[in-house]
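Please walk through the model below with attention to how its strands, loops and helices are joined by side-chain contacts.

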Amino acid sequence: ECLCLGLPSLVLSLADNQPPAARAIMDFGAGIYAGDVREPGWQDRLHTGLEGWLADPAVLPTVSALAGALVDGHGAKRIAEVLHARV
């Protein structure tokens, strides 16, 4: 939801299936992956990411534009169309 709205995201993972997507968001430039909450150091990475954005707020419009470009918000509609076509 945050990406669709173009909101820069500080992302934490809570489950084993989440890090790949979180890393992809960071690699694309649409957010910062601070790590898995089950591993040490995530608090420091979250703090560092937030401080970085606060120190250089000029970067936020770029991160916002990349976030909005990554997700268009029409995924559920596309899935419904595929499922409907198979009926």
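In this predicted model, a convenient place to begin is D36, which is buried because its relative accessible area is 5%, a value under the 20% that marks the limit for that class. D36 belongs to strand β2, which covers residues 31-36. The strand as a whole shares this setting: 5 of the 6 residues of β2 are buried, so β2 is largely enclosed by the rest of the structure.

The surroundings of D36 can be described from its contacts. When neighbours within four places in sequence are left aside, D36 is in contact with S13, A15, P19 and W42. With one of these, S13, the contact is also polar, since the side chains of D36 and S13 make a polar contact at 3.3 Å.

The strand that pairs with β2 is β1, and the two run in the parallel sense over 5 bridges. Within this pairing, L12 has G35 of β2 as its bridge partner. Between the strands comes helix α1, and β1, α1 and β2 together make a right-handed β-α-β unit.

The loop that leads from β1 (9-13) to α1 (19-28) contains L14. Although L14 and D36 are 22 residues apart along the chain, their C-alpha atoms are separated by 6.0 Å. Is L14 buried or exposed? L14 counts as exposed, because its relative accessibility is 58%, whereas D36, at 5%, counts as buried. Not counting residues up to four places away in sequence, L14 touches V37 and R38.

R38 leads on to the charged side chains, for which the count comes to 4 salt bridges. One of them joins D16 to R38, with the closest N and O atoms 2.8 Å apart. D16 lies in the loop between β1 and α1, while R38 lies in the loop between β2 and α2 (42-55), so this pair ties together parts that are 22 residues apart in sequence. D36 also forms a salt bridge with R38, and here the closest N and O atoms are 2.7 Å apart. D16, D36 and R38 are accordingly linked in a network of salt bridges.

The members of this network can be set side by side by their accessibility. D16 counts as exposed because its relative accessibility is 66%, and R38 counts as partly exposed because its value is 48%. D36, by contrast, counts as buried at 5%, so that the network includes a buried, a partly exposed and an exposed residue.

A further salt bridge is found in helix α4, which spans residues 75-86. This helix has 12 residues and reaches 17 Å from its first C-alpha to its last, close to the 16 Å expected at 1.5 Å a residue. How many of the 12 residues of α4 are buried? The number is 0, so α4 lies largely in the open, whereas β2 is largely enclosed by the rest of the structure.

Within α4, the side chains of E81 and K77 meet in a salt bridge, with an N to O distance of 3.9 Å. E81 and K77 are 4 residues apart, about one turn of the helix. E81 counts as partly exposed because its relative accessibility is 44%, while K77 counts as exposed because its value is 53%.

Technical notes
Residues numbered from 1 in each chain as written. Predicted model: local features only at pLDDT ≥ 70, side-chain atom pairs only at ≥ 80, totals over all residues. Heavy atoms only, no water. Buried < 20%, exposed > 50% of the residue type's maximum accessible area, 1.4 Å probe, protein only. Polar contact = N/O pair within 3.5 Å; in protein donor to acceptor, adjacent residues only side chain to side chain. Contact = heavy atoms within 4.5 Å. Expected span 1.5 Å × (residues − 1). Pairing = 2+ DSSP bridges. Right-handed = clockwise from strand over helix to strand, strands pointing away.
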